[in-house]
Amino acid sequence: MACAIPSLLFCCLLLVPHLGNSYHTSYTHGGKHHVVLRSPDDGASPTTFCSDDIPSASGDDGGITAPLPVLHRLSPCSHRAGSGSRSQGMPWAADLLRRDALGLRSLLSVESDSASDVVTVPTTGSPYVDYPGASEYHVVVGYGTPLQRLAVGFDTVSVGLSLLACKPRNGSAWFNTTVVTDKLTLSGSIGMKNFRFACLSMSSRKSRTVDDTPSGILDLSQDSHSLASRAPLSADTVAFSYCLPSLVTTHGFLSIAAARPELSNRSVSYTALRTNPASPNLYFVQLTGITVGGKNIPIPPAGFAGDSLVALRTAFTYLRPDIYAVLREAFVGQMRRYSKRRVAPAGVLDTCYNFAGLPTFIMPAIMLEFDGGAYLYLEIQQSLYLREPNNFFCVVCLAFAAAPVVIIGTGAVAPVAIIGTLAQAKTVRSLWIWLKLR
């Protein structure tokens, strides 16, 4: 089934109390500023719950299956967590920035000499470890008859089909593919028959199981063969929704063909997806404004004209360089009381502070505004990268950066924004992204 023009819905639902961070308590003052207070139990680590229980707003709107638990690739609850992981909080900045660079190159087809000495696009090896934009999050599904349980990532950027790692075949490299069709099982015996995967032949790699690194990537794009397009839809359902965990120690969820949230009396707002003929399967929206501390940054509406991409391939949010420069100036201006605490950049994150030794600090809240009146209010956990897991009273960086500029012909082109996973994840309130195919 081919996709018609969808709408994108941002929906914030109150799910569970704040369980994760014992380094601080925080509150929002008038919706304009975050006030962060040092906690007496400074130094304690958040509790990790490893179970199949995931946050759910209702037992009646899980879709064609119960919501699938979503784990970060470095979750201590996941057998995928390796030597490069951090035990709590967020991955190292260097790891995030390296993976973001790969994701940006894959999204923007950026080829730069400056990046080539640090980042290389592999021609052999596992696409799920080395492939640009390899999924940060995964779920467990079943595939085939008899059923085999597999840990797979999910992505809103399409390569034409969902991907599945297969057994080695005559020493072939991973980019040799065969299209296979079988049953995709989402929960219990519920699933989709005749679901198509691109079977990637592996060289010197074993087939992956739930106890190993991921076995594939589910395609959630607008491609006609994607899982989103195959979801059974009606006037009362949406193609899919997801909630990303804000910490590697917590769960999120992925739902397929769930009920429209407004049918459960939830307050929601829509913003229409933009059509981009050059990238028809991606999810573009219209960013119309950004507020810092309750004040709009001084960019006229025409300055936001163009596409903003909602993506799972970058952790941080990247803005067109001129927009980012204005955002940074507004943020730094409202943080001038901490000007002596500015510290060196962490890679492309060039707005960093060291709050060590302070009992409290105040930070302006950031809000992204979209066409149609939808908005994304960023909690403090969505706005900052923390050098030490869960510790706001150390080095922190604004989780925004300038987007790379792509040279096409004689002109320079950059997206208005690439909205990354950190901005999409929440700790107390869960951000749901719903897609309704009309």
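This section describes strand pairing, nonpolar cores and backbone geometry in a predicted model.

Strand β12 covers residues 252-256, and five of its five residues are buried, so the strand is largely enclosed by the rest of the structure. In a regular strand the side chains alternate between the two faces of the sheet. In β12, G252, L254 and I256 point one way, whereas F253 and S255 point the other way. Residues of both groups are buried.

Two pairings of β12 were identified. Strand β4 (residues 68-72) pairs with β12 in the antiparallel sense over three bridges, and in this pairing L68 stands opposite L254. Strand β11 (residues 240-243) is likewise antiparallel to β12, with four bridges between them. Here F240 has I256 of β12 as its bridge partner.

L254 also appears in the largest nonpolar core, which contains 72 residues. Together with F154, I290 and F361, L254 is among the members that touch the most other members of this core. Helix α4 (residues 321-334) supplies the largest share of the core, namely six residues. Another core, of 24 residues, lies apart from the largest one and includes A93, F284, Y318 and A399.

The surroundings of F361 were examined further, leaving aside its neighbours within four places in sequence. The residues in contact with F361 are then H34, V35, V36, Y338, F355, I380, F392 and F393.

A separate description applies to an open sheet of four strands, in which the order is β16-β15-β22-β23 and the pairing is antiparallel. Its edge strands are β16 (295-296) and β23 (375-378), each of which pairs on one side only. Strand β22 (residues 366-370) runs antiparallel to β23 and is joined to β23 by four bridges. Within this pair, L368 stands opposite L376 of β23. Helix α4 packs on the sheet and touches β15 (287-292), β16 and β22. The direction of α4 makes about 20° with that of β15. Helix α4 thus features both in the packing on this sheet and in the makeup of the largest core.

Backbone geometry was considered next. Most residues other than glycine have a negative phi, and most peptide bonds are trans. A cis peptide bond joins T145 and P146, with omega about 0°. P146 is located in the loop between β5 (137-143) and β6 (148-155).

Positive phi values occur at N194 and at A257, neither of which is a glycine. For N194 the value is near 55°, and the residue belongs to strand β9 (residues 190-201). N194 has a relative accessible area of 56%, which is over the 50% cut-off, so N194 is exposed. For A257 phi is about 55°, and the residue lies in the loop between β12 and β13 (269-272). A257 has a relative accessibility of 6%, under the 20% cut-off, and therefore counts as buried.

Strand β9 also contains I190. Its relative accessibility of 40% falls between the two cut-offs, so I190 counts as partly exposed. I190 and G142 are 48 residues apart along the chain, and their C-alpha atoms are separated by 9.9 Å.

Notes. Residues numbered from 1 in each chain as written. Predicted model: local features only at pLDDT ≥ 70, side-chain atom pairs only at ≥ 80, totals over all residues. Heavy atoms only, no water. Buried < 20%, exposed > 50% of the residue type's maximum accessible area, 1.4 Å probe, protein only. Pairing = 2+ DSSP bridges. Core = buried A, V, L, I, M, F, W, Y, C linked by side-chain atoms within 4.5 Å. Contact = heavy atoms within 4.5 Å. Axes fitted to C-alpha atoms, helices over the stretch in contact; angles between N-to-C directions.
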